[in-house]
Amino acid sequence: MPPAVARLPRNSAGRPVPGNIAWYTPDDDGAILVARDTELGGHVTCPCTPGNGTPRFGEQCPVRQRELMAQRKCGLCTQAIKPTAELVFIGETDAPNYLEPALHPLCAAYALQVCPVLHAQGERIEVALVHSYTLAEDRITGIAADGTLRRSVFALGDVVAHHLAVLNFYLAIPDTPERLTGPTWLAQHAPKLTA
Ligand SMILES: [Zn+2]
Ligand SMILES: [Zn+2]
């Protein structure tokens, strides 16, 4: 386990909880909280604190997701990724963009080996290796009659979207990625985790 991952808060089973994951406390009613400021326009906010309550794997905290994405920090260990260093995105084959923040190569190797969801998908998981990415905005534009959120992708800083839609997450568009299947990358290129 990478040292910065070992320092993350754990779930009840003792597993480190990635820095982008949302935490719930018993008094949380699940409502979407919306705030507004001049920098982001309308945006989803979240009061959760890592280590406080119960983590919900598979669900990202919008506040921390945006911070990790905007500051080039690792979605697992939350530490900065050096401007010159390689970044790893994990996703589906030929994904045009990513909702999950980039990872350090060592953190990506760890996640591919221990995360049951990623592990189960085997060859269907692809890694995209890049040195940089461009941000776009995933904003909520309305709510359908059945309660599902309508969402659209906008360019970063789109002035109209800033006024009319609510920022939920950032999307990362990888710049000229090299793509490999997860198992191939792990076997041939990934940094080796020492036991
Ligand atoms: Zn949160
Ligand atoms: Zn990391």
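Which strands are included in what covers the buried residues of α2? In this predicted model, local features need pLDDT of at least 70 and side-chain atom pairs count only at pLDDT 80 or more, whereas totals for chains, interfaces and linings use all residues. Residues are numbered from 1 along each chain as its sequence is written, ligands are numbered from 1 in the order in which they are written, and side-chain values use heavy atoms, with hydrogens and water left out.

Helix α2 spans residues 62-70 (helices being DSSP runs of H or I of at least four residues, strands runs of E of at least two, numbered from the N terminus). Pro62, Arg64, Gln65, Arg66, Leu68 and Met69 of this helix are buried, that is, under 20% relative accessible area with a 1.4 Å probe, protein chains only. The cover over these buried residues includes β1 (21-24), β3 (41-45), β4 (54-60), β7 (133-143) and β9 (166-174). Just after α2, Arg72 adopts a positive phi of about 55 degrees.

The zinc ion (ligand 2) has as protein donors (N, O and S atoms within 2.8 Å of the metal, or 3.2 Å for Na, K and Ca) Cys74 (SG), Cys77 (SG), His104 (ND1) and Cys107 (SG), at 2.1 to 2.4 Å. In sequence, these donor residues follow the spacing C-x2-C-x26-H-x2-C. Cys77, in the loop between α2 and β5 (87-92), and Cys107, in helix α3 (residues 105-114), lie 30 residues apart and link distant parts of the chain; both residues are buried.

Strand β5 also pairs with β6 (residues 125-130) in the antiparallel sense over 6 bridges, where pairing requires at least two DSSP bridges between two strands. Within this pairing, Val130 in β6 is the bridge partner of Leu87.

Methods. Buried < 20%, exposed > 50% of the residue type's maximum accessible area, 1.4 Å probe, protein only. Contact = heavy atoms within 4.5 Å.
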